[in-house]
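Please find below a short note on a structure, written for a reader who is new to such models. The sequence and the structure come before the comments.

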2 protein chains.
Amino acid sequence: MITKLGARIRELRTKKKMLLRQLASQLDVDTSIISKVERGDRQLKKEQIPLLAQILKADVEELQTLWLADQLYNMLQGEPMAGEALKLVTKQIKKTK
Amino acid sequence: MITKLGARIRELRTKKKMLLRQLASQLDVDTSIISKVERGDRQLKKEQIPLLAQILKADVEELQTLWLADQLYNMLQGEPMAGEALKLVTKQIKKTK
DNA sequence: TATTGTCTTGACAAATAGCGGCAAATATAA
DNA sequence: TTATATTTGCCGCTATTTGTCAAGACAATA
């Protein structure tokens with residue numbers, strides 16, 4: 001599975017020469033979880049994003065956006081009507097704002 | 001909660017002078033489920049859409065699109081970064097196609 | 001007002017999906 | 001090889017979802 005957030009995390013983490021283990025322990029989860037997150041086997045919980053951003057000294061909103069995009073992509077993956085649904089929702093969201 | 005699919009179902013069902021009970025029994029669920037679906041308290045399962053379309057003699061793809069849009073809207077509801085995430089995913093989906 | 005039929009609501013149970021941990025397997029480096 | 005880092009599969013627990021049931025609200029009619 002493709003994951004924008006996972007790719008970004010790995011980018012930030014390696015740039016900081018941080019080990020999976022170190023990021024994991026600060027986030028208070030097992031190392032394997034982070035490995036899976038970076039490779040797109042797992043999704044982080046929404047509530048973990050702020051702490052993650054803090055640890056990586058990254059912009060919270062950027063990571064939250066990527067997280068959301070991953071959720072959406074997940075839901076649309078393989079759906080023939082994905083494009084149509086996106087159009088509808090985009091219109092709907094804009095109206096609400 | 002707002003629901004595009006629920007509104008459409010009610011529209012189609014009442015136009016056919018069908019009772020909740022009748023639609024429910026054909027879909028093989030309790031009447032209360034349909035009531036909740038139409039009012040946006042519940043979501044149908046994706047797998048139920050084709051049968052639903054058949055019962056209501058509606059276009060499957062239309063109902064699937066509305067169902068998907070409801071899921072997306074649900075996910076984006078109250079998310080500050082909703083707009084940004086939508087943009088990202090729309091781009092991503094187009095590329096994949 | 002009582003009755004009947006439809007729809008709605010809330011409490012509960014069963015089924016399902018998702019998260020996290022562990023441990024074994026694999027990769028990378030020294 | 002040895003040591004360290006990462007990946008992978010599986011399992012248990014929890015949270016969420018789905019459905020049923022029964023009671024309540026509502027509307028039309030006698």
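The points below treat the single chain, the pair of chains and the two DNA strands in turn.

1. Basis of the note. This is a predicted model, in which local features need pLDDT of at least 70, side-chain atom pairs count only at pLDDT 80 or more, and totals for chains, interfaces and linings use all residues. Residues are numbered from 1 along each chain as its sequence is written, chains are lettered from A and ligands numbered from 1 in the order in which they are written, and side-chain values use heavy atoms, with hydrogens and water left out.

2. The single chain. Chain A contains six helices and zero strands, where helices (H or I, at least four residues) and strands (E, at least two) are DSSP runs numbered from the N terminus. The C-alpha trace of chain A spans about 40 × 30 × 20 Å along its principal axes.

3. Symmetry of the pair. Two copies of a chain are related by a rotation about an axis and a shift along it. Here a turn of 179° and a shift of 0.0 Å along the axis lay chain A on chain B with an RMSD of 0.1 Å; the superposition is by least squares on the C-alpha atoms of residues with pLDDT of at least 70 in both. This is the relation of a two-fold axis. Within chain A, Leu72(A) has the C-alpha nearest the axis, 3.4 Å from it.

4. The interface. The contact (heavy atoms within 4.5 Å) takes 26 residues from chain A and 26 residues from chain B. Because 100% of the interface residues of chain A are also interface residues in chain B, the copies meet through the same surface. Chain A and chain B bury about 2,800 Å² between them, 78% of it on carbon and sulfur atoms; buried area is the accessible area (1.4 Å probe) that two parts lose on being put together, summed over both.

5. Polar links and composition. The rule finds two salt bridges across this interface, a salt bridge being a side-chain nitrogen of Lys or Arg within 4 Å of a carboxyl oxygen of Asp or Glu. One of them joins Glu79(B) to Lys46(A), with the closest N and O atoms 3.1 Å apart. On the side of chain A that touches chain B, α5 (60-76) and α6 (82-96) of chain A each supply at least two residues, and α5(A) gives the most, with eleven residues.

6. DNA strand C. Which residues are closest to DNA strand C? Of the 18 residues that surround the strand, the closest are Asp30(A), Arg42(A), Arg10(B), Arg21(B) and Arg39(B); a residue is near a strand if one of its heavy atoms lies within 4 Å of it. The largest share of this surface, four residues, comes from α3(B). A polar side-chain atom of Ser35(B) lies 2.9 Å from a phosphate oxygen of DNA strand C, whereas a polar side-chain atom of Lys36(A) lies 3.0 Å from a base oxygen of DNA strand C.

7. DNA strand D. Around DNA strand D there are 18 residues, and the closest are Arg10(A), Arg21(A), Arg39(A), Asp30(B) and Arg42(B). Here α3(A) provides the largest share of the nearby surface, four residues. Lys36(A) also has a polar side-chain atom 2.8 Å from a base oxygen of DNA strand D, and a polar side-chain atom of Ser32(B) lies 3.0 Å from a base nitrogen of DNA strand D.

Key
Polar contact = N/O pair within 3.5 Å; in protein donor to acceptor, adjacent residues only side chain to side chain.
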